[in-house]
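Got the structure open in your viewer? Let's walk through it together, one selection at a time.

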Amino acid sequence: MPLSRIASINELPEAEKRKVYARLIPRQLLDHFNLPEQESIRLQSFLQFRFAPGSSDVEMSLFHELRFPDPILYGHLTDTITGHIHILLYILNDPDAPRFNVDKMPDGQPTRFGTLQRNLEAEKKAMENGLAPGQVRRGLRLLSSAITQFEEFVDSLGHEMYFAEPLYYHNAVLFERHGFNYQTGRKKMEAIESGFQDGGQWLNRLDHSTPFRSPLARNSIRLRSWAIHDGILGEPFTDVTMYKKIRKSAGIHTCPSCGW
């Protein structure tokens with residue numbers, strides 16, 4: 001079977017599929033943490049996978065230290081029905097930054113990054129410290145490098161495009177700014193932008209009724225994302241799927257004049 005799908009890679013012997021998936025790691029990330037090269041056997045001790053034979057998805061976690069609680073890179077990929085690669089979740093963590101437990105409740109129950117339940121105190125502290133929804137630590141500002149590396153991987157599998165699922169509003173805006181287009185959800189993004197303009201329906205809900213509904217969110221991608229995560233739209237941020245053609249930019253900007 002040609003290596004064009006996650007499912008076909010997962011059928012390889014473990015050592016071989018580990019080697020294939022290691023190609024997803026941005027070289028700049030390895031250099032930043034002085035980790036072994038992608039091809040090095042030593043790198044494998046810093047990697048954890050879930051990639052059972054017969055499955056069509058893979059979870060990869062890269063650690064900078066063997067006993068550190070959070071990976072510096074976490075990726076969850078799957079095949080689409082048409083055989084394309086689909087990014088379900090992609091996280092880059094700065095291990096030197098403070099941790100905020102937005103991913104778990106005080107009793108340890110998981111929150112699924114606030115989509116199942118919310119640790120409001122942890123979220124408030126994370127927001128006040130400059131983080132966006134879903135972040136347990138500050139990011140590494142390596143998204144451009146990560147996208148370049150990911151496109152090399154996708155290209156090596158014989159694809160000309162790939163898909164991504166933005167979990168939050170700010171993810172979708174950042175993907176736009178890195179050249180992504182919308183398969184679904186563009187009208188929703190345009191309606192959100194319209195709702196934060198003069199006379200927009202969301203402005204009167206930025207009323208300090210919760211810590212996540214600051215009037216400053218009008219002109220801030222990050223604070224808008226917090227307000228949307230807090231339910232300002234009256235519904236969750238869902239049904240947005242994006243795609244990108246390799247080495248091409250769609251040039252779409254549903255939030256053209258808003259700062260971070």
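Start by picking out two helices, H6 and H8. On the H6 side select Tyr169, His170, Val173 and Arg177; these meet Ile221, Arg224, Ser225 and Ile228 in H8. Sorted by class, this contact has four nonpolar, two polar and two charged residues. Now show the two helices as cartoons: H6 and H8 (residues 221-229) pack at an angle of about 145°, and their axes are 8 Å apart. Keep in mind as you go that you are looking at a predicted model.

**From the helix to the sheet**

Leave H6 on screen and add some strands. Helix H6 (residues 169-177) lies across strand E5 (161-164), E6 and strand E7 (241-245). Compare its direction with E7 and you'll find an angle of about 15°.

Next, bring up the whole sheet. How many strands form it, and in what order? There are seven, arranged E1-E2-E3-E4-E5-E7-E6, in an open sheet with mixed pairing. Strand E1 (47-50) and strand E6 (181-184) are the edge strands, so look for a pairing partner on one side only of each; that is how DSSP pairing, with at least two bridges between two strands, sets them out. Turn the sheet to see its twist, which averages 25° from one strand to the next.

Zoom in on one pair. Strand E3 (residues 73-79) and strand E4 (residues 85-92) run antiparallel, with seven bridges joining them. Click on Tyr74, then look across to E4: the residue opposite is Ile91. What holds strands like these together? In general, strands of a sheet pair through backbone hydrogen bonds, either parallel or antiparallel.

**Two pockets**

Time to look for empty space. Rolling a probe the size of a water molecule over the atoms shows where empty space is left.

Select Leu92, Gln135, Gly139, His170 and Leu174. You are now at the largest pocket, which holds about 970 Å³ of space. Of the 37 residues that line the largest pocket, those five are the closest to its centre. You've already met one of them, His170, in the contact between H6 and H8. E4, helix H5 (143-156) and H6 each supply at least two lining residues, and the largest share, six residues, comes from E4. Colour the lining by class and you should get 23 nonpolar, 10 polar and four charged residues.

Now move to the second largest pocket, with about 420 Å³ of space. Select Glu59, Ser61, Pro71, Tyr74 and Phe113, which are the closest to its centre out of the 18 residues in its lining. Tyr74 is the residue you clicked on opposite Ile91. Among the elements, E1, strand E2 (57-62) and E4 give two or more residues to this lining. By class, the lining has 10 nonpolar, three polar and five charged residues.

**Two cavities**

How many cavities of 30 Å³ or more does a search of the whole structure find? It finds two.

For the largest cavity, select Ile87, Tyr90, Leu143, Ala146, Ile147, Phe150, Tyr162, Phe175 and Phe180. E4 and H5 are the elements that give two or more residues here, and H5 gives the most, with four. The space inside is about 100 Å³. Colour this lining by class as well: there are nine nonpolar residues, no polar ones and no charged ones.

The second largest cavity has a volume of about 70 Å³. Select Tyr21, Leu24, Val58, Met60, Gly75, Leu77, Tyr90 and Phe150 to see its lining. Tyr90 and Phe150 should ring a bell, as they also line the largest cavity. E2 and E3 each supply at least two residues. By class, this lining has seven nonpolar residues, one polar and no charged.

**Last stop: Phe153**

Finish with Phe153, in helix H5. Is Phe153 buried or exposed? Its relative accessibility is 1%, so Phe153 counts as buried, the cut-off being under 20%.

To see what surrounds Phe153, leave aside its neighbours within four places in sequence and select Ile9, Val20, Tyr21, Arg23 and Leu24, which are in contact with Phe153. Two of these, Tyr21 and Leu24, also line the second largest cavity.

For a final distance check, draw a line from the C-alpha atom of Phe153 to that of Ser209. The two residues are 56 apart along the chain, and those atoms are separated by 45 Å.

Methods:
Residues numbered from 1 in each chain as written. Predicted model: local features only at pLDDT ≥ 70, side-chain atom pairs only at ≥ 80, totals over all residues. Heavy atoms only, no water. Axes fitted to C-alpha atoms, helices over the stretch in contact; angles between N-to-C directions. Contact = heavy atoms within 4.5 Å. 1 Å grid on protein atoms, 1.4 Å probe; cavity = no way out; pocket = protein on both sides within 12 Å on 5 of 7 lines; lining within 4 Å. Points joined across faces, edges and corners; volume = space filled by probe spheres on them. Nonpolar A, V, L, I, M, F, W, Y, C, P; charged D, E, K, R; others polar. Buried < 20%, exposed > 50% of the residue type's maximum accessible area, 1.4 Å probe, protein only.
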